[in-house]
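Here are a few short exercises to work through with the structure open beside you. Try each task yourself before you read the solution.

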Amino acid sequence: MVKERAYAKINLGLDVLRKRPDGYHEVKMIMQTVDICDELTLEKREEPGIALRIEGAGLPADETNLAYRAAALLAEEKELREGVSITLKKRIPIAAGMAGGSADAAAVLRGMNALFGLGCSVEELKKLGVTLGADIPYCIEGGTMLSEGIGEILTPLSPPPPCHLVVAKPDIDVSTAFVYGHLQADKLAFHPDIDGMAAALFRGDLKGITDRMGNVLETVTEREYPVICRLKQRMCETGAENALMSGSGPTVFGIYTDPQKAKEGALAIEEEHLAGTVFVTEFYVV
Ligand code: ATP
């Protein structure tokens, strides 16, 4: 039996450089794992095939699930004769901009590699993972990374200084495809300073990091859902250094230096019913 944790990510910065002729968007993002995770348990079973069981969420456990698809891909690639049973305890909010599905797929690839002693390198797992989703290579390793290309070109960065985070997901589901589909990549008035943020991370300069937080996908999601602006505002009013939408949203996170203020910020958001799911957490440093 193998247990794996699948950590959620936030984007400290997210820029889109252009839409490529093949329809993919070229991105430049800073990814950071946070201490919110799904838990997976993987066990061998004699019959071939994949049995997936999900606890804590009403997600389909069939071949549409990214955890299932990752298991099927690795089983086919490595011509596995035995099957695998996977239990997925879901905690990461779904369709939230926190790469929950990608994190699960990455955890299945790591977990099956260990369970069956397949001896795949991290690079090999990343190559397989990217065929299922652009964020999966990042999720294989996690930590603080610069992510370029369609998300598959990864450069490790220094982790941010320890902070307290409020992560709030309003009760709306946002489709990543909708957000990218409505993004006018060639008409963006603002591009976050991703290189400057990478340098601030290297210096351990929290203000240099929080001053540069920016996400061009807010131009689409905030217009559609004003609650995102309201959440950012409420976090800043309660003492956050800065607040931002993660990925394609709708999750918003605020970075606090004072743990008490983070707790108060989370409470205010809950009491005002701005978000149905609120975490007080920290960065997860791998
Ligand atoms: P990203 O930040 O990569 O855009 P996300 O957090 O917005 O990801 P996910 O939670 O990964 O979104 O889910 C996106 C969609 O994928 C959901 O609508 C869901 O139905 C589907 N999905 C498939 N497998 C999973 C899984 N294991 N966990 C969550 N969602 C899954």
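## Exercise 1: a glutamate under cover

Glu-218 is buried, with a relative accessible area of 10%. Keep in mind that this is a predicted model.

**Task.** Find out where Glu-218 is found and which residues it is in contact with, leaving aside neighbours within four places in sequence.

**Solution.**
- Step 1: check the label. Buried means under 20% relative accessible area, and Glu-218 comes out at 10%.
- Step 2: place it. Glu-218 sits in helix H8, which covers residues 218–224.
- Step 3: look around it. Beyond its neighbours within four places in sequence, Glu-218 is in contact with Arg-223, Lys-232, Leu-244 and Met-245.

## Exercise 2: the two sides of H1

**Task.** Work out which residues of H1 are buried and what covers them.

**Solution.**
- Step 1: get the helix in view. H1 runs over residues 66–77 and reaches 16 Å from its first C-alpha to its last, close to the 16 Å expected at 1.5 Å a residue.
- Step 2: pick out the buried residues of H1. They are Ala-67, Tyr-68, Ala-70, Ala-71, Leu-74 and Ala-75.
- Step 3: look down the axis. The buried residues of H1 fall within an arc of 165°, so they line one face of the helix.
- Step 4: find the cover. It includes strands E3 (50–55) and E4 (83–89), along with helices H2 (100–115) and H3 (122–130).
- Step 5: turn to the other side of H1, where Glu-76 and Glu-77 are exposed.
- Step 6: go back to the start of H1. There, a side-chain oxygen of Asn-65 comes to within 2.9 Å of the backbone nitrogen of Ala-67.

## Exercise 3: two positive phi angles

**Task.** Glu-79 and Ala-99 both have a positive phi. Is Glu-79 buried or exposed, and is Ala-99 buried or exposed?

**Solution.**
- Step 1: take Glu-79, in the loop between H1 and E4. Its phi is about 50°, although it is not a glycine. At 68% relative accessibility, Glu-79 is exposed.
- Step 2: take Ala-99, in the loop between E4 and H2. Its phi is about 55°, and it isn't a glycine either. With a relative accessible area of 12%, Ala-99 is buried.

## Exercise 4: around the ligand

**Task.** Which side chain has an N or O atom 2.8 Å from an oxygen atom of the ligand?

**Solution.**
- Step 1: start with the backbone. A polar backbone atom of Ala-99 is 3.0 Å from a ligand oxygen.
- Step 2: try the side chains. Asp-135 has a polar side-chain atom 3.1 Å from an oxygen atom of the ligand, while for Thr-176 the distance is 2.8 Å. Thr-176 is your residue.
- Step 3: add up the cover. Taken alone the ligand exposes 610 Å², and the protein buries 77% of that.

Terms used
Residues are numbered from 1 along each chain as its sequence is written. This is a predicted model: local features need pLDDT of at least 70, side-chain atom pairs count only at pLDDT 80 or more; totals for chains, interfaces and linings use all residues. Side-chain values use heavy atoms; hydrogens and water are left out. Helices (H or I, at least four residues) and strands (E, at least two) are DSSP runs, numbered from the N terminus. The expected span of a helix is 1.5 Å times one less than its number of residues. Buried means under 20% relative accessible area, exposed over 50%, partly exposed in between (1.4 Å probe, protein chains only). The arc is that of the directions from the helix axis to the C-beta atoms. Contact means heavy atoms within 4.5 Å. A polar contact is a pair of N or O atoms within 3.5 Å; within protein, one must be able to donate a hydrogen and the other to accept it, and residues adjacent in sequence count only if both atoms are side-chain atoms. Accessible areas come from the Shrake-Rupley method with a 1.4 Å probe; for residues, only the protein chains shown count as cover.
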